[in-house]
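Here are my notes on the model you sent round. I've kept them as numbered points so you can go through them with the viewer open.

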Amino acid sequence: MNQSAPAGVGDSRQVLIYDPSLRDGHHAVRHRLDKNQLRAYAAAADAAGVPVVEVGHGNGLAASSLQVGLAKLTDAEMQTVVRDALSHSKMAVFMLPGWGTTTDLREAIARGADIVRIGVHCTESDLTERYLDFLREAGVEAQGVLLMSHMASPQRLAEECAQMVRFGATGVGIFDSAGHYLPDDVSERIAAITGAVDVPVIFHGHNNLGMAVANSVAAVAAGSGIIDGCARGFGAGAGNTQLEVVVPVLERLGYTTGIDLYALLDAADIAERELMPTPPTISSVSLVSGLAGVFSGFKDRVLDVARREGVDPRDVFFELGRRQIVAGQEDLIVDVAIALREAAGVPA
Amino acid sequence: MNRDEPVRVAVLGAGLIGIDLLTRIQRSPSLDCRLVVGRNDQARGLRSAAELGCSTAANGIESLIAAPSPFDIVFDATNALSHAEHWARLQPLGTTLIDLTPSMVGHMVVPTVNAGDAAAHANVNLISCGGQAAIPILYRLAKRYQCDYIELVTTAATRSVGRATRLNLDEYIGTTQSAIRAFTGVDHVKTIVNLSPARPAAMFRVALSIVAPGLELEPVRSLVAAAADEVRAFVPGYRVTACTVTEERAFVAVEVAASGGRIPRYAGNLDIINSAAVLIAQQHAASRVPLTAGEVS
């Protein structure tokens, strides 16, 4: 990193920074980014030397839906705009099996996706088999990531990651989709995974408990080689690991990212100005969502439904957590809110 | 075939669906399951079938072809990508196929909508569990309203979804969408599949969103209720849990509890497609054998 603070302690070790601002950030703006917004941020991230820029609907390929939200642009439009705006950075896309299909993968690759991430609930890595197989054949970099990973033990996560490597993943890791982890939780899990695989291990944090940067540092210390960060934390719920914070923090710790600090700060300023009405904050409901262990992306829908049904959104989050609802199950938010209203004896 | 004897059937596939299907066939007086066929890696399912008193074989389609005389009906409970070959091998023997994989090869049947079609087709496809749960309702709504968009979200418990289904998600989605288009005439259709890891396991569920001008709550409710009543005639655990209309959008949620089989209550996904398969097979049997009292016609 140029213009960095003096190098800190520790060996210089490369950490790959992966930027899902234009995918996860979509959760914060109901999937409504337009072409100019995508172009402006992608170009800025590229100029800063951010190695990977991910783009898409918040839930990935083919996810525009009433269930989660209708995107402003098609997958094709998003990928084409971002591809054109990148000259050095790789373009990545994300897919949840059950949402997108092989056809969507094939089309994304034809539009220039360099990296494809397949995301599954943390105990269901066998769902990645067919897609990782296809991607290996197609010759693109294929990563496998486990969502809502706080719901499984370190040992289980390690086994699931090892299985995805056998299927052909060139990087594997965990998402703290609910922003539930504390640093020791992350250290234990990343250590278990790095002990089980010989590919780079990914950590993707959310900031519901104010721990995203600390958790990412813990992940790197435990052996993670790929860290996700979003500009200004632009992302679901309380937001993601803040990109322009985690990068210089890692550099001070002695890791190298290859990213230019001033250009990164410029990109973050552009993101704040162009992409979001206001940067994510740890609102009261987001804090509750993290404590309850519920997918951060549910926030807006929970607020909408709770208002309509006249129930406390915090109660909705705790009940969703009790029912162990996972990413993608937005249709149950209505059921839970109605059940809470009826339990309180309030008529419709 | 001797008209006094039950129809000779075989189940191809010894996974979660195949074994539950066997228990249902065994309760049907008009069907006689002579063989359950798996592969070498399905030892557990084949053991269950043997414990249920059925002959078993482990060499896939070859075991069926090698049988001394052809079966009247074969249920294909393998996977979507193998079905075309199974059909090609069994068709010359005069066997009727009831396909429980989302292969899109045979004629698509949803019992409450077009069960009558099945008799004219030697290869009947049952689409998917989500299709079986959703289409009875969607068909009725689409007959009444000019729908612009239909979205189906299915959620099954992780434990109720076996390996073949996990490898067939593309076909599950593609075939379910095609079937919804074919049965409703609506072009703009989306299907989403979620698996729930919750413990205790979540009941199989389909959530439907329908966008159409002129939707009104009362007529929607009564159409949905009527469709559900028809399905309950052979899937007792089929239940509408939500039905709302806001502006031009209807939202309908259905849960299916399994009943009567060896499978747990939450596995309504297996129940609804297996109940449909047995119903179609019984109908096939009834077309040859005089009906006895109590049998489904």
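Leaving aside its neighbours within four places in sequence, which residues is Thr191(B) in contact with? I'll take that up in point 1, after a word on conventions. This is a predicted model, so local features need pLDDT of at least 70 and side-chain atom pairs count only at pLDDT 80 or more, while totals for chains, interfaces and linings use all residues. Residues are numbered from 1 along each chain as its sequence is written, and chains are lettered from A, with ligands numbered from 1, in the order in which they are written.

1. Thr191(B). Beyond those sequence neighbours, the contacts of Thr191(B) are Gly130(B), Leu152(B), Ile173(B), Thr176(B) and Gln177(B) (contact: C-beta atoms, placed from the backbone, within 7 Å). Ile173(B) is 18 residues away along the chain, with 5.8 Å between the two C-alpha atoms. Thr191(B) counts as buried because it has 26 C-beta neighbours inside 10 Å (buried: 20 or more other C-beta atoms within 10 Å of its own; exposed: 12 or fewer; partly exposed in between). Thr191(B) sits in strand 9 (residues 189-196) of chain B (strands are DSSP runs of E, at least two residues; helices are H or I, at least four; both are numbered from the N terminus).

2. The sheet in chain B. Strand 9 belongs to an open, mixed sheet of five strands in the order 9-8-10-12-11 (strands pair if DSSP finds at least two bridges between them). Strand 9 and strand 11 (238-246) of chain B are the edges, each pairing on one side only. The twist from one strand to the next averages 15°. Strands 8 and 10 of chain B are antiparallel, over seven bridges, and there Ile150(B) has Ile210(B) as its bridge partner.

3. What packs on that sheet. Helix 14 of chain A touches strands 8, 10, 11 and 12 of chain B, with its direction at about 90° to that of strand 11 (axes are lines fitted to C-alpha atoms, for helices over the stretch in contact; angles run from 0 to 180 degrees between N-to-C directions). Helix 6 (residues 129-144) of chain B also packs on the sheet, at about 30° to strand 10 of chain B.

4. The A/B contact. Here 24 residues of chain A meet 24 residues of chain B. On the chain A side, helix 14 (331-343) and helix 5 each give two or more residues, and helix 14 gives the most, with three.

5. The barrel in chain A. Eight strands, 2-3-4-5-6-7-8-9, form a closed barrel with parallel pairing. Neighbouring strands are turned by 25° against each other on average, direction ignored. Strand 7 (residues 171-175) and strand 8 (residues 201-204) of chain A are joined by four bridges, and Ile174(A) stands opposite Phe203(A) in strand 8.

6. Helices 4 and 5 of chain A. In helix 4 (residues 102-110), Asp104(A), Leu105(A) and Ala108(A) are buried. Those buried residues fall within an arc of 100° seen down the axis, so they line one face of the helix (the arc is that of the directions from the helix axis to the C-beta atoms). In helix 5, the buried residues are Glu129(A), Tyr131(A), Leu132(A) and Leu135(A). Their cover includes helix 4 of chain A and, from the other chain, helix 7 (163-167) of chain B. Gly139(A), just after helix 5, has a positive phi of about 80°.

Conventions: Contact = placed C-beta atoms within 7 Å.
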